[in-house]
Amino acid sequence: MLWPFLLLVVLIIYLDDPHGSPLFSQTRIGRDGKTFRLYKFRSMYMNAEEKLSGLMEQNEMDGPVFKMKDDPRITRVGHIIRRCSIDELPQLINILKGDMSIVGPRPALPREVAQYNDYQKQRLYVTPGLTCYWQILGTLTVK
């Protein structure tokens, strides 16, 4: 049932930035430290990984994760599909393949896992998820 919507998203991403594939895949670390290919809709320009080293001093997070509020590598459509979590829909393929579950810790990049301390490595004992526990908890909490 999702195929028409997914094809529309692919078309919109391509029209916004036709310089690459609308799908993005990346090596991630899963359960027991095994690597797998994570699939997403592309929300960044094609040279985003190359620009990362020049942006590291603007990282807003402590530790191995990189986050930046107004990341210049994100496309116009990328802002929208990220806000609505549409960019995550291709991860349903990862769930069907068994690399991921619906709820679990986010699958980490190899460069992040290389910086993990012993406590953080405990995340690798479970299957990574499409959404994490705190996101589920936030939607269930009555305010």
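**Entry 1: the Asp16 pair**

I started at Asp16, which at 17% relative accessibility counts as buried, where buried means under 20% relative accessible area, exposed over 50%, and partly exposed in between (1.4 Å probe, protein chains only). I note at the outset that this is a predicted model, in which local features need pLDDT of at least 70 and side-chain atom pairs count only at pLDDT 80 or more, while totals for chains, interfaces and linings use all residues. Residues are numbered from 1 along each chain as its sequence is written, and side-chain values use heavy atoms, with hydrogens and water left out.

I then looked up the partner of Asp16 and found that its side chain meets that of Arg76 in a salt bridge (2.8 Å, N to O). Asp16 belongs to helix α1 (residues 3-16) and Arg76 to helix α3 (residues 76-83), so the pair ties together parts that are 60 residues apart in sequence. I took helices (H or I, at least four residues) and strands (E, at least two) as DSSP runs, numbered from the N terminus. Unlike the buried Asp16, Arg76 counts as exposed, at 61% relative accessibility.

**Entry 2: the other salt bridges**

How many salt bridges does the structure hold? I find six, a salt bridge being a side-chain nitrogen of Lys or Arg within 4 Å of a carboxyl oxygen of Asp or Glu. One of them joins Asp87 to Lys40, with the closest N and O atoms 3.5 Å apart. Asp87 sits in the loop between α3 and α4, and Lys40 in strand β2 (residues 35-41), so this pair ties together parts that are 47 residues apart in sequence. Both Asp87 and Lys40 are buried. Lys40, Asp87, Glu88 and Arg106 are joined into one network by salt bridges that share partners.

I also recorded the salt bridge in which the side chains of Asp99 and Lys97 meet (3.8 Å, N to O); Asp99, at 22% relative accessibility, counts as partly exposed.

**Entry 3: Asn94**

I followed Asp99 to Asn94, a residue of helix α4 (residues 91-97). Asn94 is buried, with a relative accessible area of 0%. Not counting residues up to four places away in sequence, Asn94 touches Phe36, Arg37, Leu38, Tyr39, Asp99 and Met100, contact meaning heavy atoms within 4.5 Å.

**Entry 4: nonpolar cores**

Which residues make up the largest nonpolar core? I list seven: Leu6, Val9, Ile13, Phe41, Val77, Ile81 and Ile86, where a nonpolar core is a set of buried Ala, Val, Leu, Ile, Met, Phe, Trp, Tyr and Cys residues joined through side-chain atoms within 4.5 Å. The elements that give this core two or more residues are α1 and α3, and its largest share, three residues, comes from α1. Leaving aside neighbours within four places in sequence, I find Ile86 in contact with Phe5, Val9, Phe41 and Ile81. Another core, of five residues, lies apart from the largest one and has Ala108, Val113, Tyr116 and Leu124 among them.

**Entry 5: empty space**

Rolling a probe the size of a water molecule over the atoms shows where empty space is left. On a 1 Å grid over the protein atoms alone, a cavity is a set of points where a 1.4 Å probe fits but cannot get out, a pocket is an open set with protein on both sides within 12 Å along at least five of seven lines, and lining residues have an atom within 4 Å of a point. Grid points are joined across faces, edges and corners, and a volume is the space filled by probe spheres set on the points.

I looked at the second largest pocket, which holds about 290 Å³ of space. Of the 13 residues that line it, Trp3, Leu6, Leu89, Pro90 and Ile93 are the closest to its centre. Its lining takes at least two residues from each of α1 and α4. By class, that lining has 13 nonpolar, no polar and no charged residues, with Ala, Val, Leu, Ile, Met, Phe, Trp, Tyr, Cys and Pro counted as nonpolar, Asp, Glu, Lys and Arg as charged, and the others, Gly among them, as polar.

By the cavity rule I count one cavity of 30 Å³ or more, and the volume of the largest cavity is about 70 Å³. Its lining includes Ile29, Arg31, Arg106, Tyr116 and Arg123, and the lining residues divide into eight nonpolar, one polar and three charged.

**Entry 6: positive phi**

I noted that Asp32, although not a glycine, has a positive phi of about 60°; Asp32 lies in the loop between β1 (23-29) and β2 and is exposed, with a relative accessible area of 53%. Ser85 likewise has a positive phi, near 60°, and is found in the loop between α3 and α4, where at 42% relative accessibility Ser85 counts as partly exposed.
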